[in-house]
Each structure stands twice: as C-alpha cells, then as structure tokens.
Amino acid sequence: MTTMTPARPSVTGGVDTHRDEHVAAALDGVGGLLGTASFPTTAAGYGALLAWLRSHGEISSVGVEGTGSYGAALARHLTNSGVRVLEVSRPNRQVRRRYGKSDVVDAIAAARAVLSGEATGTPKTHDGPVEALRALKALHRSANKARTQAINQLRAVLVTAPDDLRARLRDLPRGELLRTCAAFRVAADDDSLAGIIRLTLRELAARVAFLDTQIKHAVVRLKRITEQFAPSLVAMYGVGPDTASTLLLTAGDNPDRLRNERSFASLTGSCPVPATSGLIKKRYRLNRGGDRQANAALWRIAMVRLSNDPATRAYVQRRQTEGKTKTEAMRCLKRYIARNVFNTLKNETPLTT
C-alpha cells in the first residue's frame, strides 16, 4: 500500500517595499496570518524572502507594492523564480484612516488584496528596451528642464548687467546671444562687477551648450531604440519616436500582460467613464485617470491627424453629426487611436540588429 504525500498548504504573499528593506506577510488559503518578516533589499535578501514564503507552503501568488520603483528588483527576482507576481496599489486614505499605517499592516493588506481578487494586474518586467527608453526619457526631460532654467537665468542676469553690456546683448536672437556669451574671455584675477557678470554669462551659455549635446545624444538613441523595437508603431500616421516611446512606456516590456485593448485604453486614460445617475442616462465623462503622459501623446497624434488627414476630419465630423460635441468627438478619436496603438503593439515584430 502506497503512502500519499499530503499536499502542501497554499500560501499567498504580500510585500510592502522600501528603499533599504522589504516587509513580507504570508497568509493561508482562508486569509489567516502565518507570519511577517523583514528582509534587506539585496540579492541575498530577495532569496531569503522567497525561501521564507516557501517555508510556509506552496506559493500561489505574491502581491508587491511599488513594482515600478522600490519593488522592481524583487518583482523580477520572484518572476524569474517561477512565482506569480501581482501589482498591488497602495491602500487609499480611507482604509489607512480606519486601520492605521505601518509596514506590517501594508504587507498584510497587499497579501489580502491578492487573495480577495482585488489585485489582478501583472507588473511590467522592467528588463528590456522599454526600460532603456524610460531612462533616456528621464535624461531628456531633465536636460530640457535644466536648459530652460539656464537660459532664463542668463536673461535674468542680463537685465541687471552694466548698461554697455546690456545694450550690446539685449536684442540678439537666442542662438547668437548664446554664442556671444560663450566667447567671452575673463581674466582669472578679474573680480570686477563687469568681469563677474561676463563670467556668469559665459558659464551659463556653456551650460546650455553642454545640455544641448546631452539632449541631442538622448534623442538619437531614443529614436534608434524605438524604431528597432517598435517599427510598426513608429510607422503609424501621426506617430513619431517621442510619442511612440511614451506609449511604449505605458505598455511596458511585456505588453502581452494587457488582456485586451480596453486595458490599454484604461492605462492611457482614454476610455470613457460612466456618469449615469437618475434621469441622466448613457452619459460619459472625461477620464482623469491613467498615464497622463500617454494621454497627452494620444492627443498629439489626434491633432496631427486632424490637421493633415481628411479621413480623421471626416470621422470627427460624423461623430458631431451624431449629436456629440467637439470635445466628445475628440475623446472618441483618442479612444480609436488607443485601439489602433494596442493592436499594433500586439502584432509588433522588433527589427533584428
């Protein structure tokens, strides 16, 4: 007579993530707390966290907060180890006001969100070309911001500069102004007001030139990666490398995690939000959720098509003929573009290099 090995109990995990330490909680199949523990945010710590969860039974799934920031490395480690990882939203203010706030409470809440079915989203993998685009976009955005700040500072210094210098520079176009200031020569021992003003203008102009080079390099790489990873998306009418990369950041390196085009529309904030109440029937309002950068990218695509594509203008006109306002027709257009983008991403074939 053979002896059957009893099945290991099912365990659901939850993790509250932080920069230096992650707090994990383990629940049994009916939501009972099996234990909590803290682990450092290192490769050894991730391994210890996984071993600790497995010591309680067979892991069914793990809910992780902050999979796009502090929890990204842990989510990758768990996924590579064959564990199903779900993205958990942070508890809202009403829940925290009622039950309090601590790392242990948040970890338990993450596990219970998975067990109850509230958490269903698969996190982005953050391990491919889209993650590289994310870093490039951050570099490009910060360089643009710093460049604008440097130009504004240069003009502010010029406002109170000595009369002869201000009269010489105040009416110059921006490009010529920057070249003129960058060519100033100031003696190392010249601490006069005129010398310091010229030194300040020269250094600010040099800063702008340096940032221009950074922006140029970032744009070249961003364009190259986008065209190699998503050539069909870039080829869509009205879509360029900048808007394409923004939409790719929303979809992630694993767009197959999105179940359908409605999921993508929800992520981009382009899906309609029901606002029916009482006597008001079949009314929808503006969706203020989702990734607002992606929503803005859809708007730019819509504007390009509306300006240059007769078919798009005919579509908007038809929607208005049906009784929709211009604003509502534009929302329909953005939703239509989101559907096109999702279908293109779903069938995307990256170029081989």
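Let's start at a hairpin: four residues link β1 to β2, where strands (E, at least two residues) and helices (H or I, at least four) are DSSP runs numbered from the N terminus. This is a predicted model, in which local features need pLDDT of at least 70 and side-chain atom pairs count only at pLDDT 80 or more, while totals for chains, interfaces and linings use all residues. Residues are numbered from 1 along each chain as its sequence is written, and side-chain values use heavy atoms, with hydrogens and water left out.

The two arms of the hairpin, β1 and β2, run antiparallel and are joined by five bridges; two strands count as paired if DSSP finds at least two bridges between them. On its other pairing, β1 runs parallel to β4 over six bridges. Valine 15 lets you see both partnerships: it stands opposite valine 64 in β4, and its bridge partner in β2 is alanine 24. Six of the seven residues of β1 are buried (under 20% relative accessible area, with exposed over 50% and partly exposed in between, using a 1.4 Å probe and protein chains only), so this strand is largely enclosed by the rest of the structure.

Now step back to the whole sheet. It is open, has mixed pairing and holds five strands in the order β3-β2-β1-β4-β5. β3 (33-40) and β5 (85-88) are the edge strands; each has a single partner, so one side of each lacks a neighbour in the sheet. Neighbouring strands are turned by 25° against each other on average, direction ignored. Towards the β5 edge, β4 (residues 58-65) and β5 run parallel, joined by four bridges, and glycine 63 stands opposite leucine 86 in β5.

Further along the chain, look for asparagine 254 in the loop between α10 (241-251) and α11 (261-267). Asparagine 254 is buried, with a relative accessible area of 11%. Leaving aside residues up to four places away in sequence, it touches Thr122, Pro123, Lys124 and Thr125, contact meaning heavy atoms within 4.5 Å. A polar atom of the asparagine 254 side chain lies 3.3 Å from the backbone nitrogen of threonine 125.

Which residues lie nearest the centre of the second largest pocket? They are Pro272, Tyr284, Glu328, Arg331 and Cys332, among 19 lining residues. α14 (326-346) and β7 (284-285) each supply at least two residues of this lining, and the largest share, six residues, comes from α14.

How values were computed:
Axes fitted to C-alpha atoms, helices over the stretch in contact; angles between N-to-C directions. Polar contact = N/O pair within 3.5 Å; in protein donor to acceptor, adjacent residues only side chain to side chain. 1 Å grid on protein atoms, 1.4 Å probe; cavity = no way out; pocket = protein on both sides within 12 Å on 5 of 7 lines; lining within 4 Å.
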